[in-house]
Amino acid sequence: MDDYRRIADRIAADITGGRLRPGQRLPPQRVFARRRGIAPSTAGRVYAELVRRGLVVGEVGRGTFVRATAPDAQPGIALTEAAGTPLVNLELNYPSVPGQAELLAPALTPLLRPDALGQALRPAPAAGTPAAREAVAALLARSGLRAGPERILFTGNARQAIAATLAALVRPGGRVGVEPLTYPLVKEIAARLGLVLVPLAADAEGPLPEAVAAAHRAAPLSALYLQPALHNPTSRTIGAGRLRELADCVHRLGTPVVEDRIWAFLDPGGTPALAALAPGLVHLVDSLSKRVAPGLTVGFAVVPEDRVEAVARAVRSGGWSAGSFALEAAVRWLGDGTVDRLVTAKRQDARRRQRLAAERLAGFTVRSDPAAYFAWWELPAPWRADTFTAAARAHGIAVTPGTAFCVDPSRTPDAVRLGLGSVPEACLARALETLAGIARGEVAGG
């Protein structure tokens, strides 16, 4: 019977049509069932379908609430500017610095010769090219990680590298241990691959080794996915002691790990890699998108020697190989110092933006790191993540609700993530001031 889907369609139409507003609480399921003349079990399926579609969020002990407006909803007045001003998007996080294009252009000029361009436009294998492998191995060595070039594989971006490594490691139905707050696209990847994400208890230092072991005892974990350096969204970095404990734990269990290092380049202290402590189990994932630019990038994975062919097969079957032109550009940018110059500039840029966030959000509970390009804002009562997100959008500002990162839907944090890297600094300052005013009740919620 699809009756529950037809009922869900009607509720969905009320939400998209504006008759049910963002943040509005739906009636308890038993009340909904009585009003509709349906069984309580059918009401439960209706609510579950609405959650699956991303239209509502359930909060244990509090009820079910309409989520923030859809991304293509018409925004209200942006800050103090006229209606129609483009959305100030603090969901995206693609850092760019002044003069970036001028730095990147010289290395591309030789590639535009017909002979070079013909070579650069050929398909690239998962193993890339010898020059690309050597360039990335040298990049990793500068951060203290020694990786043989033969262990390096390439994808179009880091997301594809994550998908390929998980596809190679975990069969459909397999369990993957993750931090309680994790990269939203990992949730999407898991859903597409049919994987079960298992949230691991954590403290301020990161996942607890005993929680990993307990989860594995309950039912074997096929893999872990972790962000040890500048964790997205909280900016937490796991210390060397906890990393050693986690390495010892995965060695005892024999559990492979996907280590996401995409933001680690911002940490000038050179955060140790878990891959250096457990090279036989850890699949390190990184890319040049944040270091360089999102539009022409290369993702890469450093995998254990005995897993190279399995991950390469996953890259090929997913159609996730990097383009030859992007690989050649990356080799040139890595070789002529362009990437190093951009990293230095972006480290400085991130610190300036963090100072802006600290000034504009003074007095609030904000978790971040001076080196990071994002901040995790634990909202003051009575704000919930989704209602605050809706209020911000009504003022032309997009932020990411904490629910997007939460693995356990029964534990929805009243927090939002602010991406600090994609808008000009002056615009960021105005947006943060407006968000602070909304949170204090000084600016109408829209």
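# Questions on a predicted model

Visitor: Is arginine 34 buried or exposed?
Guide: This model is predicted. Arginine 34 has a relative accessibility of 60%. The cut-off for exposed is over 50%, so arginine 34 counts as exposed.

Visitor: Which helix holds arginine 34?
Guide: Look along residues 29-36. Arginine 34 is found within that run, which is helix H2.

Visitor: Which residues form the positive surface patch with Arg34?
Guide: Arg and Lys count as positive here. A positive surface patch includes Arg34. Its other members are Arg25, Arg30 and Arg35.

Visitor: How is the protein divided, and how far apart are the C-alpha centres of domain 1 and domain 3?
Guide: Domain 1 covers 2-66. Domain 2 takes in 77-93 + 340-440, and domain 3 covers 102-336. Between domain 1 and domain 3, the C-alpha centres lie apart by 38 Å.

Visitor: Where is phenylalanine 65, and is it buried or exposed?
Guide: Phenylalanine 65 sits in strand E2, residues 63-66. Its relative accessibility is 6%. Buried means under 20%, so phenylalanine 65 counts as buried.

Visitor: What separates the C-alpha atoms of phenylalanine 65 and arginine 360?
Guide: Along the chain, the two are 295 residues apart. In space, their C-alpha atoms are separated by 29 Å.

Visitor: Where is glycine 128, and is it buried or exposed?
Guide: Find helix H5 (114-120) and helix H6 (130-142). Glycine 128 is in the loop between them. Its relative accessible area is 8%. That is under the 20% cut-off, so glycine 128 is buried.

Visitor: What separates the C-alpha atoms of glycine 128 and valine 366?
Guide: Glycine 128 and valine 366 are 238 residues apart along the chain. The separation of their C-alpha atoms is 41 Å.

Visitor: How many salt bridges does the structure hold?
Guide: Side chains of opposite charge can pair when their charged atoms come close. For a salt bridge, the side-chain nitrogen must be within 4 Å of the carboxyl oxygen. The count for this structure is 19.

Visitor: Which residue forms a salt bridge with arginine 236?
Guide: The closest N and O atoms of this pair are 2.9 Å apart. The pair links distant parts of the chain, 57 residues apart. Arginine 236 lies in the loop between strand E9 (223-226) and helix H10 (240-253), its partner in the loop between strand E5 (175-178) and helix H8 (184-193). That partner is glutamate 179.

Visitor: Are arginine 236 and glutamate 179 buried or exposed?
Guide: Arginine 236 has 12% relative accessibility. Glutamate 179 has a relative accessible area of 2%. Buried means under 20%, so arginine 236 counts as buried, and glutamate 179 is also buried.

Visitor: Why are glutamate 188 and arginine 192 separated by about one helical turn?
Guide: Their side chains meet in a salt bridge, 3.9 Å from N to O. Glutamate 188 is partly exposed at 39%, while arginine 192 counts as exposed at 72%. They are about one helical turn apart because they stand four residues apart in helix H8.

Visitor: Which residue pairs with glutamate 259 in a salt bridge?
Guide: Glutamate 259 is buried, with a relative accessible area of 0%. Its partner is also buried, at 7%. The closest N and O atoms are 4.0 Å apart. The partner is arginine 261.

Visitor: Which residues do salt bridges join into one network?
Guide: These salt bridges share partners. The residues joined are Asp203, Glu205, Arg242 and Glu245.

How values were computed:
Residues are numbered from 1 along each chain as its sequence is written. This is a predicted model: local features need pLDDT of at least 70, side-chain atom pairs count only at pLDDT 80 or more; totals for chains, interfaces and linings use all residues. Side-chain values use heavy atoms; hydrogens and water are left out. Domain bounds come from an automatic or database domain assignment. Patches are made of residues with over 30% relative accessible area and no salt bridge: like charges are joined within 9 Å, nonpolar side chains (Val, Leu, Ile, Met, Phe, Trp, Tyr) within 5 Å. Accessible areas come from the Shrake-Rupley method with a 1.4 Å probe; for residues, only the protein chains shown count as cover. The place of a charge is taken as NZ of Lys, CZ of Arg, CG of Asp or CD of Glu. Helices (H or I, at least four residues) and strands (E, at least two) are DSSP runs, numbered from the N terminus. Buried means under 20% relative accessible area, exposed over 50%, partly exposed in between (1.4 Å probe, protein chains only).
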